[in-house]
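Let's take a walk through this structure together, one helix at a time. Keep the sequence and the 3D view side by side as we go.

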Amino acid sequence: MDKKLQKNIIFNVVYHILVIFVPFVTAPYLGRVLGADGVGNYTYVQLIASYFTCFAMLGLSNYGNREIAKVRDDKYRKSKKFWEIYSMQLMTAGIALVVYCIYAFLYKSSFQILTICMVMWVFSNFFDITWFYMGVEKFQTIVLRNVIIKAFNVFFIFLLIKNSNDLIKYVLLMSISQFVSQILLWPTVRKELLYVKPEWGDIRQHFKPNMMLFLPAIASSVYNIMDKLMIGAISSKSALAYYEYSDKIIQIPSLIFSAMGTVLLSRMSYLSENDNHEAERLIGLSMDLSLVIASGASFGIAAVANELVPLYYGEEFMPCAKILIYLAPTIFLYAWANVLRMQYIIPRREDKTYIYATILGAVLNLLFNAMLIPRYDALGATVGTCVAQFAVVCVFTIHCRKHLPMRNYVFRNIPCVLVAFLMYCVIVLMQQMHGISLLGLIVDVVVGGVSFAIMSLLYGCFSKNHFLSIIIARMSKQMTRGNNR
């Protein structure tokens with residue numbers, strides 16, 4: 001990977017980490033201050049607002065990124081395409097805001113005040129041009145914005161949120177922060193663009209392809225968001241809080257895959273027009289890296305779940321431990337699917353496969369949720385999520401098998417899974433020597449992480465064309481140069 005691509009991946013990893021930085025860092029505090037019911041209530045109204053955001057933005061996260069990436073070297077064409085796509089965004093965001101306001105102000109429920117507080121969240125979609133900066137591969141701008149906003153978020157949460165009566169303050173704070181974060185993107189965009197007045201005919205041409213990417217976006221949101229809404233509606237708000245807090249931990253390693261996918265979507269969209277060989281090489285490297293991280297993360301989280309939850313969230317959230325163990329396999333499934341989706345299927349405009357896979361996953365998720373949530377609460381939703389993710393992986397793999405060396409990806413990464421399982425065994429053995437304590441958790445994480453790294457590097461010494469073998473080769477060259485000096 002060239003230095004610019006490595007830099008952008010690092011920036012985007014930081015960006016995705018910051019997206020959940022506030023809820024993760026503040027989760028133990030909010031869990032104790034607001035309680036499981038308070039956290040569940042916020043999660044419920046935020047998820048509803050997120051659905052309106054999904055309809056406001058349609059498939060722009062991927063479509064806008066892809067289209068800007070293809071013309072990023074031509075300032076006039078880039079500007080023309082930006083104003084066309086953004087004009088479309090203003091229309092869809094306006095419709096979403098009007099419908100949300102009707103829902104918020106007219107629908108009477110116990111959550112009405114909280115729902116009204118989220119109006120600013122939906123309004124912020126008018127100003128969200130993150131897709132543009134991703135398309136031109138300028139992730140430092142996005143990261144800088146998030147550093148500023150998240151720092152203020154943490155400060156005001158600890159300053160203003162003191163007890164369960166401050167739930168409305170918390171909802172308002174998160175809603176306003178979302179709005180301000182989008183506004184901060186605009187001052188620098190003027191340097192990148194000319195103003196080109198968009199014509200209706202040019203705007204209209206973006207609706208259909210954007211809708212093609214919106215369909216899988218809304219379908220995937222069914223098993224990313226709908227399971228939580230169903231838990232809140234069918235079960236209880238405390239069960240929703242348990243699932244939400246478990247998902248926050250699962251999302252941490254997944255952020256790395258999302259970051260890589262977003263950066264490489266821009267690069268692959270560019271390479272698909274110019275260099276197929278380089279594109280395939282990058283897919284192989286990112287698949288190896290993703291599966292190594294996913295193997296270590298899934299087995300590692302499963303191993304420490306019973307220690308981590310009571311220490312981090314408190315005893316009230318102990319049901320999260322079992323949910324974490326059930327959700328751990330989804331890290332591996334998401335890593336595999338994300339590489340194929342973001343680096344091959346979307347850049348090559350094979351949108352029908354993307355749509356079919358995500359709709360299939362959404363349908364299966366809804367069916368399993370409807371059957372299992374009434375009986376097993378949050379644990380039932382985890383089963384539905386696993387089934388949905390597995391179905392998506394199967395469809396993507398079958399589609400790509402004729403174009404990519406899928407068997408090579410599997411066989412050369414099986415040892416990484418075995419290494420992760422050995423790490424799991426090491427951590428379990430360590431746990432037999434101590435009780436639940438912060439020091440014990442730190443020791444388990446350090447010993448497990450070091451053992452996984454050592455065993456992975458040993459495998460890299462004997463493998464060929466694997467990402468680990470390339471890392472070993474580069475380390476050897478650096479050591480040789482150092483000795484020669």
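A residue counts as buried when its relative accessible area is under 20%, and as exposed when that value is over 50%, with partly exposed in between. Bear in mind as well that this is a predicted model.

With that cut-off in hand, let's begin with Ser 298, which sits in helix α15, spanning residues 276–312. Is Ser 298 buried or exposed? Its relative accessible area is 9%, so Ser 298 is buried. What does its side chain find there? A polar atom of the Ser 298 side chain lies 2.8 Å from the backbone oxygen of Ala 294, and a polar atom of that side chain is also 3.2 Å from the backbone oxygen of Ser 295. An α-helix has 3.6 residues a turn, so residues three or four places apart point the same way. Looking past the neighbours within four places in sequence, you will find Ser 298 in contact with Ala 328 and Ile 331.

Next, please turn to helix α18, which runs over residues 351–376 and holds Val 363. Val 363 has a relative accessible area of 42%, so this residue is partly exposed. Its C-alpha atom is separated by 8.1 Å from that of Ala 388, although the two residues are 25 apart along the chain. The buried residues of α18 include Tyr 354, Gly 361, Ala 362, Asn 365 and Asn 369.

How does the length of α18 work out? At 1.5 Å a residue, its 26 residues should span 38 Å, and the end C-alpha atoms are 35 Å apart, which agrees. Follow the helix along and you will meet a kink of about 35°, centred on Asn 369. After α18 comes Asp 377, which has a positive phi, near 55°.

Finally, let's look at the aromatic rings. A search of the whole structure turns up 26 aromatic pairs. One of them joins Tyr 354 and Phe 396: the ring centres are 6.4 Å apart and the planes meet at 50°, so the pair is tilted. Because Tyr 354 belongs to helix α18 and Phe 396 to helix α19 (residues 378–400), the pair ties together parts that are 42 residues apart in sequence. Both Tyr 354 and Phe 396 are buried. Elsewhere in the sequence, one aromatic cluster is formed by Phe 82, Trp 83, Tyr 86, Trp 131, Phe 132, Tyr 133, Trp 186 and Tyr 195.

Conventions. Residues numbered from 1 in each chain as written. Predicted model: local features only at pLDDT ≥ 70, side-chain atom pairs only at ≥ 80, totals over all residues. Heavy atoms only, no water. Helix = DSSP H or I, 4+ residues; strand = E, 2+ residues; numbered from the N terminus. Buried < 20%, exposed > 50% of the residue type's maximum accessible area, 1.4 Å probe, protein only. Expected span 1.5 Å × (residues − 1). Bend = angle between axes of the 7 residues up to and from the residue. Polar contact = N/O pair within 3.5 Å; in protein donor to acceptor, adjacent residues only side chain to side chain. Contact = heavy atoms within 4.5 Å. Phe/Tyr/Trp six-rings, centres within 6.5 Å; stacked < 30°, edge-to-face > 60°.
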